[in-house]
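Here is a short, friendly report on charged side chains and how they pair up. Have the model open beside you as you read.

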Amino acid sequence: MFVVKNVIDPTQATKKVAIFCSTNQEYIALMSECDIRSYIIRHDQWPISLDQFSSNMRIVKTGDAVDSSIDCVICVGTADNYDHAVAYSKKNCVPLVLIRQTGNNTHIIYPYSTKINRRENIEADVIVDIIQPEESEATSDSMTVTIPPVEPKFEILAKRTYDNITVNANIPKEVLIHYKSMLTGLNVQPHDRKSPSSSDIYIETWVGDVIMPLRCMAAGSIVMLPDSQEARRIIDHEKNGFIYNDFQDMKENMIKILQRKVAGNLEEISENARKSAPKFFCSEEDFVSRWETIINLLCSTKSKLGNIL
């Protein structure tokens with residue numbers, strides 16, 4: 001059964017937004033605090049608690065009917081859901097906002113077994129970067145802004161054993177098996193998105209994805225990310241985390257982590273991670289304000305265009 005939150009209070013807000021989201025649900029969930037009605041469109045179950053949503057957000061399955069008077073479309077990432085978002089935006093003649101997870105210079109196929117083509121041309125009225133892009137990432141045809149994720153609030157573990165190793169398991173089964181085979185003898189579990197602070201060592205499997213690694217870093221976890229320009233911006237290799245290029249490199253990094261565990265000096269990396277993470281977050285008030293500004297601007301533009309046409 002596809003469980004959804006399908007009741008929106010019609011008195012809450014007037015602007016209506018369709019959000020195509022298959023990853024980084026934690027980022028999107030906070031948009032329920034904005035003064036908009038949101039319809040989150042996805043092909044599978046929402047993996048985090050629905051209780052945090054306000055009454056202005058609804059989750060629907062891809063293909064199901066959505067309010068036809070949508071004012072704006074938001075898309076997270078450029079995987080298959082991007083094609084749906086572009087088509088939906090064009091069909092309803094409304095602006096498209098792309099939340100860019102990876103920059104133009106990140107060309108590695110991710111995860112390692114899929115064949116998602118890098119898109120040479122991005123059709124979006126506004127591009128929202130999760131972390132500040134480099135100058136070379138500037139996009140001339142689209143308005144580009146940076147809206148970081150909201151700083152998480154959870155208990156920091158006073159003492160870690162570094163025994164709880166988790167991996168982002170939102171990848172094809174055969175790839176997950178390969179990850180586990182490279183870490184034979186270790187108790188590697190799928191990462192619990194609802195409790196990032198419970199992971200002592202977190203292995204990211206998606207190239208360029210930094211939101212969950214940053215949440216784990218903020219909790220003092222040891223993180224390991226596939227190499228990308230995004231990873232290099234948040235990780236100082238072997239100082240506040242680790243970067244790997246392939247499966248063998250990941251295994252060698254894990255050996256270094258275990259050696260440091262035996263030597264008793266992993267706490268320094270944990271502390272460095274915890275201290276370096278906050279600069280990549282923003283407050284909830286700032287997050288809501290920035291998103292409402294963008295949506296209000298786009299809706300205003302749409303209204304003016306509608307009057308002209």
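## Glu-238 and its two partners

In this predicted model, Glu-238 has a relative accessible area of 23%. That value makes Glu-238 partly exposed, because the class runs between the buried limit of 20% and the exposed limit of 50%.

Glu-238 pairs with Arg-260 in a salt bridge whose closest N and O atoms lie 3.4 Å apart. This contact links distant parts of the chain, from the loop between α5 and β12, home of Glu-238, to helix α6, home of Arg-260, with the two positions 22 residues apart. Arg-260 is partly exposed too, with a relative accessible area of 23%.

Glu-238 also forms a salt bridge with Lys-256, where the closest N and O atoms are 2.9 Å apart. Here again distant parts of the chain are linked: Lys-256 belongs to helix α6 (residues 247–263) and is 18 residues away from Glu-238. Lys-256 is partly exposed, at a relative accessible area of 33%.

## A pair within helix α7

Now for a contact inside one helix. Glu-271 and Arg-274 form a salt bridge with an N to O distance of 2.5 Å. Both residues sit in helix α7 (residues 267–276), 3 residues apart, which is about one turn of the helix. Glu-271 is partly exposed at 30% relative accessibility, and Arg-274 is partly exposed at 31%.

## The wider picture

Which residues are joined into one network by salt bridges that share partners? They are Glu-238, Lys-256 and Arg-260. The structure as a whole holds 11 salt bridges.

Note on methods
Residues are numbered from 1 along each chain as its sequence is written. This is a predicted model: local features need pLDDT of at least 70, side-chain atom pairs count only at pLDDT 80 or more; totals for chains, interfaces and linings use all residues. Side-chain values use heavy atoms; hydrogens and water are left out. A salt bridge is a side-chain nitrogen of Lys or Arg within 4 Å of a carboxyl oxygen of Asp or Glu. Helices (H or I, at least four residues) and strands (E, at least two) are DSSP runs, numbered from the N terminus. Buried means under 20% relative accessible area, exposed over 50%, partly exposed in between (1.4 Å probe, protein chains only).
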